[in-house]
Amino acid sequence: MTALTRRALLKTTVAAGLAGIGAATVGRLAGWAAAKPELLILKTASIEARLMDGAPTQNVLTYGEAGPPPVVRMRKGEPFAARLINGIDDPTTIHWHGIRVPNKMDGVPFLIQPYVYQGDHFDYAFTPPDAGTFWYHPHCNTLIQMGHGLTGVIVVENPKDPAFDAEMVINLRDWRLGDDGQFIEAFRPRDAAKAGTFGTVRTANWLEQPQFDAPAGGLVRLRAAITDVTRIYAFRVDGAEAAVIALDGNPVPQRFTPDALQIGPGQRLELAIRMP
Ligand SMILES: [Cu+2]
């Protein structure tokens, strides 16, 4: 029988809580040593998902078959390859937000690649030059495709990074849902003329009030990406020591304690948290 350490168990719990790591990603983890990277399949799908109390939401978009888009893991300086397969009735592409990629891999239709129509695919291949937290999303009909769910987090690991006891990856975003749990109009002109049209339901990893486990006394690396199209977040950490270690994929010159630190759409925050 395999002996499971407490730490391994806790890591398993965190991974299960994040509910986004697909089989293909796991395959890639196993394939790191190989010269040719294993192809990560990212297939768009329209699914049903429970984003709030009450009825599940119809026509939620994701990569994969269920739940949020997977956390895509890459390694700094190592080749990465992914195949976008379009399973939805709307042309799409993938833009790797914040990663310095060759222009032809940047996912902007017509400018550098054709639309990927339903049933078609497009292969992306590049070597990320920088470590950090990034995110991915379509560059087509973005208000609808992103608004309905197509926003995922990318972690580019640096093999030279110090080890943490646990890592949490959090995808923060809103949804424009009515009382019946179904999508309502994506934006309202009178809101668009002010601060923007906010969602009605706020989630982390598609959950309204998520709770994640971490080892007591452990040093946790928290990676948060704001993949919302409108909302600005203010961060503070209660009940534990925390330091900002990176912003938007760049290490900060000097660590600081977040105190109502404001982070807007598209931005990423990395914290080191010492659990009580
Ligand atoms: Cu972007």
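Domain 1 (19-157) and domain 2 (166-274) each give at least three residues to the lining of the largest cavity. The model is predicted. A copper ion is bound by two histidines, His97 and His137.

**Cavities**
- The whole structure holds 3 cavities of 30 Å³ or more.
- The largest cavity encloses about 180 Å³ of space.
- Its lining is made up of 18 residues, and those closest to the centre are Gly147, Asp174, Arg176, Ala186 and Val229.
- Helix 3 (142-147) and strand 9 (166-175) are the elements that give two or more residues to this lining.
- Sorted by class, the lining of the largest cavity has 8 nonpolar, 6 polar and 4 charged residues.

**Copper site**
- The copper ion is coordinated by ND1 of His97 and NE2 of His137, at 1.9 to 2.0 Å.
- His97 belongs to strand 5 (residues 95-97) and His137 to strand 7 (residues 132-137), so the pair ties together parts that are 40 residues apart in sequence.
- His97 has 23% relative accessibility and therefore counts as partly exposed.
- His137 counts as buried because its relative accessibility is 7%, under the 20% cut-off.

**Thr92**
- Thr92 sits in the loop between strand 4 (80-85) and strand 5.
- The relative accessibility of Thr92 is 0%, so this residue counts as buried.
- Apart from neighbours within four places in sequence, Thr92 is in contact with Thr44, Leu84, Asn86, Tyr115, Val116, Pro138, Cys140 and Gln145.

Key
Residues numbered from 1 in each chain as written. Predicted model: local features only at pLDDT ≥ 70, side-chain atom pairs only at ≥ 80, totals over all residues. Heavy atoms only, no water. Donors = N, O, S within 2.8 Å, 3.2 Å for Na, K, Ca; no water. Helix = DSSP H or I, 4+ residues; strand = E, 2+ residues; numbered from the N terminus. Buried < 20%, exposed > 50% of the residue type's maximum accessible area, 1.4 Å probe, protein only. Contact = heavy atoms within 4.5 Å. 1 Å grid on protein atoms, 1.4 Å probe; cavity = no way out; pocket = protein on both sides within 12 Å on 5 of 7 lines; lining within 4 Å. Points joined across faces, edges and corners; volume = space filled by probe spheres on them. Nonpolar A, V, L, I, M, F, W, Y, C, P; charged D, E, K, R; others polar. Domains from an automatic or database assignment.
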